[in-house]
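Colleague: Before I use these labels, I want to hear the reasoning behind them. Can we take them one at a time?

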Amino acid sequence: MKVRVLGSAAGGGFPQWNCACDGCATARRTGAHRTQDSVAVTGDGTAWYLINASPDIRAQVLATGELAPGPGPRDTPIRGVLLTTAELDHTAGLLSLRESGRITLYATTTVLAALPFVPILRACTDLRTFELPTNRPLVLDGGLTVRAAVVGGKVPRHADPGAGDEWVCALRITDRTGRAFVYATCLPEWTDAFDDLLDGAGAALLDGTFLTDDEPARRAGLCRTPRQMGHLPITDAIAALERHRGTRVLFGHLNNTNPLAIAGTPGPAEAAYDGQSIQW
Ligand code: MLT
Ligand code: MN
Ligand code: ZN
């Protein structure tokens, strides 16, 4: 099982183009940039799946040798895209994949119904949409199996709340040997069901949007808490991780308020970084 972190920042990236906060100013000064959350995963080193398609996907694919096209002129190792939300920072990159002869998309029926790009993509490419089931595993190429679980109900600002109730998913992706990777960068709370999903995974990319509960208020003057924004802070996840000591845990989707977004900042958790490769 191999996972490449294509991007490790929350929506807007790091620095965000119009933000002069301390974190973004430091990132601008030091050149320590992060692109927006997307991951690539493979079970056989040949067939790759994208988990989410960030607005930075073109640059992310170009920066990743394993995702280079070939051997035919328009062949790509990217077999499909798994969407875990309909948020623009996880889906707008689909528009940049439109040159593909075919796009194979997996998402819950709620997310598929809420995606504004579907008619546009249908006009540009052979778009194939498949339901990402939340009650049974789905078999992918290269020996991978994915199990999705609904972890949140946050409706994107552009979406109709009536589209359904399966808005935010976590994924457990397993290879032929039973090795498993869990992706959950939008995790509003830690439930027993999530504990089960994580159980025995070799690696996980978890919600690193915020480090602490008071961070949005203290660093950005926001009145909503991380949980109200759909993101459990890292410090609250750490206690629950005691039960998963065998799992290599990285935190991604880092917001510009999170001090760990600045590489090298000491902290209680491992921040993922763009281009990071993990294999086990
Ligand atoms: C989120 O991660 O909570 C969303 O991307 C936020 C947003 O885009 O409004
Ligand atoms: Mn986001
Ligand atoms: Zn900022």
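Modeller: Start with Phe181. This is a predicted model, and in it Phe181 counts as buried at 1% relative accessibility.

Colleague: Why is Phe181 called buried?

Modeller: Buried means under 20% relative accessible area. Phe181 has 1%, so the label applies.

Colleague: And Trp280, what makes it partly exposed?

Modeller: Its relative accessible area is 25%. The partly exposed class runs between 20% and 50%, so Trp280 belongs there.

Colleague: How many aromatic pairs does a search of the whole structure find?

Modeller: The search finds 4. Phe181 and Trp280 form a pair with ring centres 6.4 Å apart and planes at 55°.

Colleague: Why is that pair called tilted?

Modeller: Centres must lie within 6.5 Å, and 6.4 Å passes. Stacked needs planes under 30 degrees apart, and edge-to-face needs over 60. At 55° the planes meet neither condition, so the pair is tilted.

Colleague: What parts does the pair tie together?

Modeller: Phe181 lies in strand β10, residues 180-184. Trp280 lies in the segment after β13 (277-279). The pair therefore ties together parts that are 99 residues apart in sequence.

Colleague: Which residues form an aromatic cluster?

Modeller: Tyr49, Tyr106 and Phe130 form one.

Colleague: On to the metals. How do you know which protein atoms are donors to the manganese ion (ligand 2)?

Modeller: The cut-off for this metal is 2.8 Å. Asp89 (OD) and His253 (NE2) lie 2.2 to 2.3 Å from the manganese ion, so both count as donors. Water is not among the atoms, so the site may look incomplete.

Colleague: Where do the two donor residues lie?

Modeller: Asp89 is in helix α3 (residues 88-91), and His253 is in the loop between β12 and β13. The pair thus links parts that are 164 residues apart in sequence.

Colleague: Are Asp89 and His253 buried or exposed?

Modeller: Asp89 has 14% relative accessibility and His253 has 5%. Buried requires under 20%, so both count as buried.

Colleague: What coordinates the zinc ion (ligand 3)?

Modeller: Cys19, Cys21 and Cys24 do, each through SG, at 2.2 Å. That distance is within 2.8 Å, so these atoms qualify as donors. Along the chain the donors follow the spacing C-x1-C-x2-C.

Colleague: Why do Cys21 and Cys24 carry opposite labels, partly exposed and buried?

Modeller: Cys21 has a relative accessible area of 22%, which is not under 20%, so it is partly exposed. Cys24 has 0% and is therefore buried.

Colleague: Back to the loop between β12 and β13. What makes Asn255 buried?

Modeller: Asn255 sits in that loop. Its relative accessibility is 15%, under the 20% limit, so it counts as buried. Leaving out residues up to four places away in sequence, Asn255 touches Ala10, Gly208, Thr209, Phe210 and Ala261.

Colleague: And Ala272, where is it placed?

Modeller: Ala272 is also in the loop between β12 and β13. Its relative accessibility is 0%, so Ala272 is buried. With the same exclusion of residues up to four places away, its contacts include Val5, Ser8, Arg34 and Leu205. Ala272 and Thr209 are 63 residues apart in sequence and 11 Å apart in space, C-alpha to C-alpha.

Colleague: Now the empty space. How many cavities of 30 Å³ or more does the structure hold?

Modeller: It holds 1. The largest cavity has about 30 Å³ of space. Among the residues lining it are Leu187, Trp190, Asp207 and Phe251.

Colleague: What makes the cavity lining 6 nonpolar and 1 charged?

Modeller: Asp counts as charged, while Leu, Trp, Ala and Phe count as nonpolar. Asp207 is in the lining, and the division is 6 nonpolar, no polar and 1 charged.

Colleague: What lines the largest pocket?

Modeller: The lining has 35 residues, with Glu87, Lys154, Arg157, Arg224 and His231 nearest the centre. The volume of the largest pocket is about 890 Å³. Its lining divides into 15 nonpolar, 15 polar and 5 charged.

Colleague: Which elements each supply at least two residues to the lining of the second largest pocket?

Modeller: α2 (57-62), β4 (78-82) and β5 (102-107) do. The second largest pocket has a volume of about 700 Å³. Its 24 lining residues include Val61, Thr76, Ile78, Leu97 and Ser100, which lie nearest the centre.

Methods:
Residues are numbered from 1 along each chain as its sequence is written. Chains are lettered from A and ligands numbered from 1 in the order in which they are written. This is a predicted model: local features need pLDDT of at least 70, side-chain atom pairs count only at pLDDT 80 or more; totals for chains, interfaces and linings use all residues. Side-chain values use heavy atoms; hydrogens and water are left out. Donors are N, O and S atoms within 2.8 Å of the metal (3.2 Å for Na, K and Ca); water is not among the atoms, so sites may look incomplete. Buried means under 20% relative accessible area, exposed over 50%, partly exposed in between (1.4 Å probe, protein chains only). On a 1 Å grid over the protein atoms alone, a cavity is a set of points where a 1.4 Å probe fits but cannot get out, and a pocket is an open set with protein on both sides within 12 Å along at least five of seven lines; lining residues have an atom within 4 Å of a point. Grid points are joined across faces, edges and corners, and a volume is the space filled by probe spheres set on the points. Rings of Phe, Tyr and Trp (its six-membered ring) pair if their centres lie within 6.5 Å; planes under 30 degrees apart count as stacked, over 60 as edge-to-face and the rest as tilted. Helices (H or I, at least four residues) and strands (E, at least two) are DSSP runs, numbered from the N terminus. Contact means heavy atoms within 4.5 Å.
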